[in-house]
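Please look through the model shown below before reading on, and keep it at hand while you follow the report.

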Amino acid sequence: MIENIHIRTTKHEDISKLAEFIVPFVEQEKILPRTSEELDVLVETGFVAVEQVEENEEIVGFASLEIYSRKLAEIRSLVVADHRQGIGVGKKLVSACVDRARQRNILEVMVVTSSDVFFQNCGFDFTLPGEKKALFIQPHLND
């Protein structure tokens with residue numbers, strides 16, 4: 001149940017548990033692999049969903065807001081443990097990231113995802129007002 005799970009900002013002490021937590025998601029190619037240095041950066045603006053299991057906190061979700069400028073930030077590495085999906089943990093993590101962007105007066109938050117319906121349910125859309133769209137190219141594929 002979601003009431004047993006709370007969202008908090010990540011701490012540097014979370015890095016080793018977080019590195020272990022994301023392994024299955026990397027193996028399933030749901031997120032990109034992260035070095036400890038990359039995790040160190042993501043932790044600066046990240047959030048974990050934690051569930052109290054006996055005397056310990058168990059990480060059951062993670063997301064980070066990577067801030068590129070005052071104009072743009074990106075939600076990165078959103079993952080939720082399989083046994084905690086579908087109960088609102090991901091939405092709470094997205095909301096925490098969007099709230100942080102709002103607190104820092106970031107104008108736009110984007111996400112690159114294969115789960116577009118989930119993010120649309122969180123209020124994201126394919127275009128911004130004025131029909132702005134994000135376009136991408138993979139330079140290594142266009143030789």
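This report deals with strands, pockets and aromatic rings in turn.

## The model and its strands

The structure is a predicted model, and the values given here are computed from it. Strand E2, which covers residues 46-53, pairs with strand E3 in the antiparallel sense, and eight bridges connect the two. Within this pairing, Ala49 stands opposite Gly61 in E3. The two strands form a hairpin with two residues between them, where Glu54 takes a positive phi near 55°.

Strand E3, made of residues 56-67, is also joined to strand E4, here by six bridges, and these two strands run antiparallel. They too form a hairpin, with four residues between the strands. Two of the matched positions can be found by name: Phe62 has Val79 in E4 as its bridge partner, while Glu66 stands opposite Glu74 in E4.

## From E4 to E5

Strand E4 also pairs with strand E5, in this case in the parallel sense and over three bridges. Glu74, which stands opposite Glu66 of E3, also stands opposite Met110 in E5. Between the two strands the chain passes from E4 through helix H3 to E5, and this β-α-β crossover is right-handed.

How many of the nine residues of E4 are buried? The strand is mostly covered, with seven of the nine counted as buried. Leu78, which is found in strand E4, has a relative accessible area of 22%, and because the buried class ends under 20%, Leu78 is described as partly exposed. From Leu78 to Glu13 there are 65 residues in sequence, and the C-alpha atoms of the two are 19 Å apart in space.

## The largest pocket

The largest pocket has a volume of about 920 Å³. Its lining consists of 31 residues, and those nearest its centre are Lys30, Ile31, Leu78, Val112 and Thr113. The Leu78 named here is the partly exposed residue described above.

Which element gives the largest share of this lining? Strand E4 does, with seven residues. At least two residues of the lining come from each of strand E4 (72-80), helix H3 (89-103) and helix H4 (116-121). Sorted by class, the lining of the largest pocket holds 15 nonpolar residues, nine polar residues and seven charged residues.

## The second largest pocket

The second largest pocket has a volume of about 770 Å³. Among the 27 residues that line it, Val109, Met110, Val111, Phe124 and Asp125 are the closest to its centre. Met110 has already appeared in the pairing of the strands, where Glu74 stands opposite it in E5.

Helix H3, strand E5 (108-110) and helix H4 each supply at least two residues of this lining. Helices H3 and H4 also each supply at least two residues to the lining of the largest pocket. By class, the lining of the second largest pocket has 17 nonpolar residues, together with four polar and six charged ones.

## Aromatic pairs

A pair of aromatic rings is described by two values, the distance of the centres and the angle of the planes. A search of the whole structure finds three such pairs. In one of them, the rings of Phe21 and Phe25 have their centres 5.4 Å apart and their planes at 55°, so the pair is tilted. Both residues lie in helix H1, which covers residues 15-27, and they are four residues apart, about one turn of the helix. Phe21 is buried, with a relative accessible area of 13%, and Phe25 likewise counts as buried, at 6% relative accessibility.

Another pair is formed by Phe118 and Phe119, with 5.0 Å from centre to centre and 85° between the planes, an arrangement that is edge-to-face. Is Phe118 buried or partly exposed? With a relative accessible area of 26%, Phe118 is partly exposed, whereas Phe119, with a relative accessible area of 5%, is buried. Ring pairs also link Phe118 and Phe119 with Phe124 into a cluster, and Phe124 is one of the residues closest to the centre of the second largest pocket.

Technical notes
Residues are numbered from 1 along each chain as its sequence is written. This is a predicted model: local features need pLDDT of at least 70, side-chain atom pairs count only at pLDDT 80 or more; totals for chains, interfaces and linings use all residues. Side-chain values use heavy atoms; hydrogens and water are left out. On a 1 Å grid over the protein atoms alone, a cavity is a set of points where a 1.4 Å probe fits but cannot get out, and a pocket is an open set with protein on both sides within 12 Å along at least five of seven lines; lining residues have an atom within 4 Å of a point. Grid points are joined across faces, edges and corners, and a volume is the space filled by probe spheres set on the points. Ala, Val, Leu, Ile, Met, Phe, Trp, Tyr, Cys and Pro count as nonpolar, Asp, Glu, Lys and Arg as charged, and the others, Gly among them, as polar. Rings of Phe, Tyr and Trp (its six-membered ring) pair if their centres lie within 6.5 Å; planes under 30 degrees apart count as stacked, over 60 as edge-to-face and the rest as tilted. Buried means under 20% relative accessible area, exposed over 50%, partly exposed in between (1.4 Å probe, protein chains only). Two strands pair if DSSP finds at least two bridges between them. A crossover is right-handed if, with the strands pointing away from the viewer, the path from the first strand over the helix to the second runs clockwise.
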